[in-house]
Amino acid sequence: MLEIRQLGFSFHENQSILEDINFEVKTGEILSILGESGSGKSTLLKLIYGLEDTVSGEIFYESDKVTGPKFNLVPGNSKMKFVPQEFDLLDSINVSENVGKYLSNFDLPLKSENTKKALKVVKMDSFANHFPSQLSGGQRQRVSIARAIATNPKMLLLDEPYSHLDQPLKFEIRKNIWNWAKETNCTVILTTHDVNDALGFSDKIIILKNGKIIQNDSPENLRNNPENEYVASLLGEYSILNADEMWNLFQIKISETQKAIIYPEEISEDESGQEFEISDVRFRGRDYLIETIHKNSKLKFYSILITENQFVKLKIKNFRLI
Ligand SMILES: Nc1ncnc2c1ncn2[C@@H]1O[C@H](COP(=O)(O)OP(=O)(O)OP(=O)(O)O)[C@@H](O)[C@H]1O
C-alpha cells in the first residue's frame, strides 16, 4: 500500500508545484494520473520514487517512509521500478541484454524466461537481438518498460508510457500491461494526458490541475459525476448548458448556481425536440460528431448518418450537474 499525506512540493521558494496531495493506492491497483501538460504528474511520480525531496507532507510505501536524495546516497526506491520519459538503454548491448540488465545471473534459464516474458508483454520479442540504435523511439520506450517488468516489481511507476505508440499498438500494450499487472499483483501508477490510456485501463484515476488533485475516483464515477468542467474536458467530448439554457431550450429546471454537462451520446434527434442549426460535422470512423448551435447555446451529438438538413431537432436524454 502507498500512502501520500498532505504532500507539498516546489523547486524554488514562492512557487508551488504540488499542494496538499492526499491519496492511497492499494496493492495490485492500477492508478492513472491524468492532467494537462505542466500539472505536476511527472513530479509526483518522481517524489513517489524518491528522486525529489518533499517540501511538506509524507509518503509511505508498505509502512516505510519514502525519502529523497537528501537522505539517500543512491536516489530511488529499490522496492519500486520507475520508467521515466527519457529511456536510458545501453547502446552497446542488444535488446535482450538490456531487458535482463537488472536480473541475477545466478539462474540463467530463469533470467532468459523473465526477459522473454517481459518482451512479449510489450510486443518486442521479435527484436530481442536488435541493438537500441536500430530501434524507433516507440520501440525503445517499449524495451525500457520491458526492462522494468522483467524484474517482477511490486510497484511500477510509468511516466507517459504510451506517448510514442500508435493507436492499435497502444491498445494492445495497455491491455497486456493490465493483464501482466493483475496476474502478478503489481501496483502500477502511470501518468498520461490521454483519457483513453486511463478510462479502460485503471482501477482509479486521479485528475491533477496546477499541482492539486481535483478528483480521485473510479473511471465510471469520474465520467458519470465529474467534479467540474476541467474534469469533463479531460474525458472527451461534452456540451455544457447553464440553468437558463436548460429551461429555455428543454424546459428542465436546474439550480441557477449549477450547470449541466451532457455527453454526445446523451443527445438524440427527436421531432418534438428543440431546433438547432448544424455548425460542423466530423467523421470519427464509426459515426459522425455533429456540432450544433441555437442562439449562443451549443450541443454536440453522435450520428451514424449525415442529415441533408441544415437543422436538427434535439432532446437531452441524460445529464449531470456541476
Ligand atoms: N527541474 C525543474 N525546475 C523547475 N521547475 C520545474 C522542473 N521540472 C518541472 N518543473 C515545473 O514543474 C511543473 C510540473 O512539471 P511536471 O513535469 O511534473 O508536469 P507534467 O504534468 O508531468 O507535464 P507533462 O505532461 O508536460 O510531462 C511545470 O510547471 C514545470 O515547468
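**Exercise 1. Domains and confidence**

Task: Work out which residue ranges the domain assignment gives to domain 1 and domain 2 of the protein chain, and what distance separates their centres.

Solution. Start with the bounds: in this predicted model, domain 1 runs over 2–225 and domain 2 over 237–321. Next, take the centres over C-alpha atoms, and you get 39 Å between domain 1 and domain 2. Then check how far to trust the picture. The protein chain has a mean pLDDT of 93, with 100% of its residues at 70 or more. For the complex, the predictor reports an ipTM of 0.96 and a pTM of 0.89.

**Exercise 2. The annotated stretch**

Task: Find which residues the UniProt annotation "domain: ABC transporter" covers, and say how much helix and strand that stretch holds.

Solution. First, the record: the unreviewed UniProt entry puts this annotation on residues 2–235. Now look at the model over residues 2–235: helix makes up 32% and strand 24%. Finally, go from one end of the stretch to the other, and the end C-alpha atoms turn out to be 26 Å apart.

**Exercise 3. Around the ligand**

Task: List the residues that surround the ligand, sort them into nonpolar, polar and charged, and name the element that gives the largest share of the shell.

Solution. Step one is the list: F11, I17, G35, S37, G38, S39, G40, K41, S42, T43, T191 and H193 surround the ligand. Step two is the sorting, with glycine counted as polar. That gives two nonpolar, nine polar and one charged residue in the shell. Step three is the element: helix α1 (residues 41–49) supplies three residues, the largest share.

**Exercise 4. The six-stranded sheet**

Task: Write down the strand order of the open sheet of six strands, pick out its edge strands, and look at how β6 pairs with β7.

Solution. Reading across, the order is β6-β7-β8-β3-β9-β10, and the pairing is mixed. The edges are β6 (80–83) and β10 (212–217), each pairing on one side only. Neighbouring strands here are turned by 15° against each other on average, ignoring direction. Now zoom in on one edge: β6 and β7 (residues 155–159) are parallel, with four bridges between them. Within that pair, F82 sits opposite L157 of β7.

**Exercise 5. The four-stranded sheet**

Task: Do the same for the open sheet of four strands, then say which residue of the β14 and β15 hairpin takes a positive phi.

Solution. The order is β15-β14-β13-β16, with antiparallel pairing. β15 and β16 (311–316) are the edge strands, each pairing on one side only. From one strand to the next, the twist averages 50°.

Take the β15 edge. β14 (residues 288–294) and β15 (residues 297–303) are antiparallel over seven bridges, and I290 has F301 in β15 as its bridge partner. Two residues lie between the strands of this hairpin, and K295 is the one with a positive phi, near 55°.

Over at the other edge, β13 (residues 267–283) joins β16 through seven bridges, again antiparallel. There, E277 has F311 in β16 as its bridge partner.

**Exercise 6. The partners of β1**

Task: Find which strands five bridges join to β1, and name a residue pair for each.

Solution. Begin with β4 (residues 56–61): five bridges connect it to β1 (residues 2–9), and the two run antiparallel. In that pairing, R5 is matched with E58 of β4. Move on to β2 (residues 18–25), which is also antiparallel to β1 and joined by five bridges. Here L7 faces I21 in β2. As a reminder of what holds such pairs together, strands of a sheet pair through backbone hydrogen bonds, either parallel or antiparallel.

Terms used. Residues numbered from 1 in each chain as written. Predicted model: local features only at pLDDT ≥ 70, side-chain atom pairs only at ≥ 80, totals over all residues. Domains from an automatic or database assignment. pLDDT = per-residue confidence, 0-100. Near = placed C-beta within 6 Å. UniProt positions renumbered as here; feature names shortened; annotations may be inferred. Pairing = 2+ DSSP bridges. Axes fitted to C-alpha atoms, helices over the stretch in contact; angles between N-to-C directions.
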